[in-house]
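Here is a short report on one buried-or-exposed call and on the pockets of a predicted model. Keep the structure in view while reading.

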Amino acid sequence: DLEDPDFHLELTYELQMASVFAMAYIWSMAGYVPFSQLPAFNDFARSQLSQLLYTVPLPEEGSLFDYCLDLNTYQFIAWTARNVGKRSSSGQYAILPEVERFAYLTDLYLSYGLNVVIIGDHGTGKTTLVEHLIQTRTPLTKVTATSGLSLSSLELQRIVTDKISQLQKRTGPQKSKHSVERKSLFFIDDLHLVSSQGQGELP
């Protein structure tokens with residue numbers, strides 16, 4: 001019944017969830033697509049999302065990667081239109097729209113306990129991004145990989161375990177079995193400098 005207020009409430013909810021799904025679909029898959037193939041994936045994503053039962057109002061112009069979902073209106077807006085005033089950085093680090101986009105997505109993944117791999121050419125600012133934007137909001141323990149070291153998965157695990165032991169000695173044991181378990185996040189820097197393990201694989 002179109003006059004039933006519950007019908008409109010349910011329809012609004014379904015449209016909101018469709019928009020959330022579209023945002024998740026775009027960014028969960030795009031991270032695995034080579035940069036050169038992003039235009040093709042953009043066209044593919046548009047064609048797939050247009051077939052949803054509830055039509056998502058995707059922006060008609062530009063790339064889908066230039067937009068994010070506004071959770072207040074559930075409309076797609078340009079990243080440059082987001083209110084980034086609440087995000088602060090240390091030093092003179094400039095928060096450009098591209099930087100804010102990467103920081104926002106990294107914060108989102110970390111908030112759900114997911115691992116994040118930031119990929120880019122040497123000197124593009126990956127470490128600076130983490131240190132100036134992510135680490136100011138989320139405490140991280142930095143582990144720097146040694147250039148040229150043949151590092152196996154077990155050796156990397158040992159390095160992280162040693163860091164955990166150091167943190168436990170510094171903070172002391174939990175007061176009781178009812179204490180809230182502390183979680184540690186590790187920032188493994190320069191992992192690409194580690195020598196491969198014979199098959200071109202990193203730990």
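Threonine 138 has a relative accessible area of 17%. Buried means under 20%, so Threonine 138 counts as buried. Threonine 138 is found in the loop between helix H4 (126-134) and strand S3 (141-144). Leaving aside residues up to four places away in sequence, Threonine 138 touches Asp107 and Leu185.

Now the pockets. The largest pocket holds about 1300 Å³ of space. Its lining has 32 residues, and the closest to its centre are Gly31, Phe102, Val117, Ile118 and Ile119. Helix H1 (5-30), helix H2 (38-49), helix H3 (97-111) and H4 each give two or more residues to this lining. H3 gives the most, with seven residues.

The second largest pocket holds about 990 Å³. It is lined by 33 residues. Val116, Val117, Ile118, Phe187 and Ile188 are the closest to its centre. H3, H4 and strand S4 (186-189) each supply two or more lining residues. Here the largest share comes from H4, with five residues.

The table sets out the two linings by residue class.

| Pocket | Nonpolar | Polar | Charged |
|---|---|---|---|
| Largest pocket | 19 residues | nine residues | four residues |
| Second largest pocket | 17 residues | 12 residues | four residues |

Val117 and Ile118 are among the residues closest to the centre of the largest pocket, and they are also among those closest to the centre of the second largest pocket. H3 and H4 each give two or more residues to the lining of the largest pocket, and they do so for the second largest pocket too.

Conventions:
Residues are numbered from 1 along each chain as its sequence is written. This is a predicted model: local features need pLDDT of at least 70, side-chain atom pairs count only at pLDDT 80 or more; totals for chains, interfaces and linings use all residues. Side-chain values use heavy atoms; hydrogens and water are left out. Helices (H or I, at least four residues) and strands (E, at least two) are DSSP runs, numbered from the N terminus. Buried means under 20% relative accessible area, exposed over 50%, partly exposed in between (1.4 Å probe, protein chains only). Contact means heavy atoms within 4.5 Å. On a 1 Å grid over the protein atoms alone, a cavity is a set of points where a 1.4 Å probe fits but cannot get out, and a pocket is an open set with protein on both sides within 12 Å along at least five of seven lines; lining residues have an atom within 4 Å of a point. Grid points are joined across faces, edges and corners, and a volume is the space filled by probe spheres set on the points. Ala, Val, Leu, Ile, Met, Phe, Trp, Tyr, Cys and Pro count as nonpolar, Asp, Glu, Lys and Arg as charged, and the others, Gly among them, as polar.
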